[in-house]
Amino acid sequence: MKVLNFFVFQILSNETIFLGLVALLGLLLQRKSFPKVIDGTVKTVIGLTILASGAGILINSLSPVVTKLNETLHVRGVLPTNDAVFGVVLRFNTIAKDTVITFLLAFFLHLLLVRLTPGKNFKNAYLTAHLMLYHAAFMNVTLPVVLHTGSFWTVTVGTILNALYYTYSPAIPRVISRPWMHDVSTLGFMDQVGSILAHFIGKWFGSSDPNQDADNMKLPKWASMFRDNTIVLFFLMPIIFVGIGIAVGKTGIESLAGTGAGAVNWILWLILQGFTFTAGIVVLLAGVRMFIGSIVPAFKGISDKFLPGAIPALDAPTIFPYSPMGGMFGFLGSTVGCILVTFLTIVFHSPVIVFPSPIIMYFDGNVMGVFGNKAGGWRGAIAAGLITGIISSAAVILFYPLTGAVYGSGLTWSNIDYAIVWMPLMYLLKFLRTLILAFI
């Protein structure tokens, strides 16, 4: 039992080791040479490690400022950040173990469903292990609140719902993106259903004129530098940090930056935090490039043997290169949308103040922008980012109270699919339970 516990809770539940083993298995099944097996496995593991390091930089640069804003305004504020809220879940031993069990069972059931389900569009293996783990945690804190279930039924229902979602939702972006992704991979980022929303928003608010494509725009020479994500973030993120810092106030930021003769000026400290956030993005994308370059060829061995015709459903940054400027316009739109929701929740004294989420603004915003741009050019990208950013942030007001053990922690889950799929589903399940009890 100790060996089994170690294998399940220490090996398979670790996303880096888990996907390293996936790469190793895929390369061995292809009977690659020993050096190529080592190369692919190592680069998968190190790529994910670099990716995780970049994500850590993002969270560490923003969370202290947002936490201080929460304390200063004396509100029940919440920052939608998957990585951070998962850390809170891990503090609850029973929920943490049930989360890992749900994650593993859902993944294996998902692979079985992919194998058995006919149709090319459904042959997608969801490989974004860390988000699967985060989502399993979401199920294990919300279902007990919604359905009043114990561990067994929470794990059972959570496993089934997750496996269905992992199996069938990637078909949506696969179909939409086929003209430009060519079935190399599809999206597996809790944005799959949101991709169709971004697509139609792009169509409604944008233009099909190729000259309107964000990546084809003829920018002035001086503006051409803004085609580079790093340059855009270098200028934008310090502005966002300074804006939050002004709301907190000089005293609150100085408690983070330090005081005294050798302390960094509080405004300058905020600007440097913005630079740090930008550096985190650069690190993360470097990890993504290494990871994708290794896991996609390795996955071919698994798909050929066990899942014929299947392609991997992968993390959000794998979508970014298909429209770098579209993604940036989506990010800008999403940033405006998220900040607008924060402002409105404060002005109208909402019971929950939703702080701007780096996950929603950057990752969701980029994904929505890519799909919006492909459907409607730069205006479609901005509109897709803006509208989905508003929806994602505003929905937190409704689903945050359903998150049981982590409610009140100041952290919750993000991504557009939590807003348009899981929040409505949880309220539907809650209503059905109430209705059934009323007739008993």
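Helices here are DSSP runs (H or I) of at least four residues, numbered from the N terminus. Keep in mind that this is a predicted model.

**Exercise 1.** Work out how Asp39 and Lys43 pair up, and where the two sit in helix α3.

*Solution.*
- Start with the contact: the two side chains, Asp39 and Lys43, make a salt bridge at 3.3 Å, N to O.
- Next, place them: both belong to helix α3 (residues 34-73), and since they are four residues apart, about one helical turn separates them.
- Now check exposure. Asp39 has a relative accessible area of 39%, so it lands between the 20% and 50% cut-offs and is partly exposed.
- Lys43 comes out at 36%, which also makes it partly exposed.

**Exercise 2.** Find out which parts of the chain the Lys120 and Asp183 salt bridge ties together, and whether each partner is buried or exposed.

*Solution.*
- The closest N and O atoms of Lys120 and Asp183 are 3.2 Å apart.
- Lys120 is in the loop between α5 (93-116) and β2 (124-126), while Asp183 is in the loop between α8 (171-181) and β3 (186-187), so the bridge links parts 63 residues apart in sequence.
- Lys120 is exposed at 54%, whereas Asp183 is buried at 15%.

**Exercise 3.** Follow the salt bridges outward from Asp183 and list the network they build.

*Solution.*
- Asp183 also meets the side chain of Arg178 in a salt bridge, 3.0 Å from N to O.
- Arg178 is partly exposed, with 27% relative accessibility.
- Through shared partners, Lys120, Arg174, Arg178 and Asp183 end up in one network.
- For the tally, the structure has four salt bridges.

Key: Residues are numbered from 1 along each chain as its sequence is written. This is a predicted model: local features need pLDDT of at least 70, side-chain atom pairs count only at pLDDT 80 or more; totals for chains, interfaces and linings use all residues. Side-chain values use heavy atoms; hydrogens and water are left out. Buried means under 20% relative accessible area, exposed over 50%, partly exposed in between (1.4 Å probe, protein chains only).
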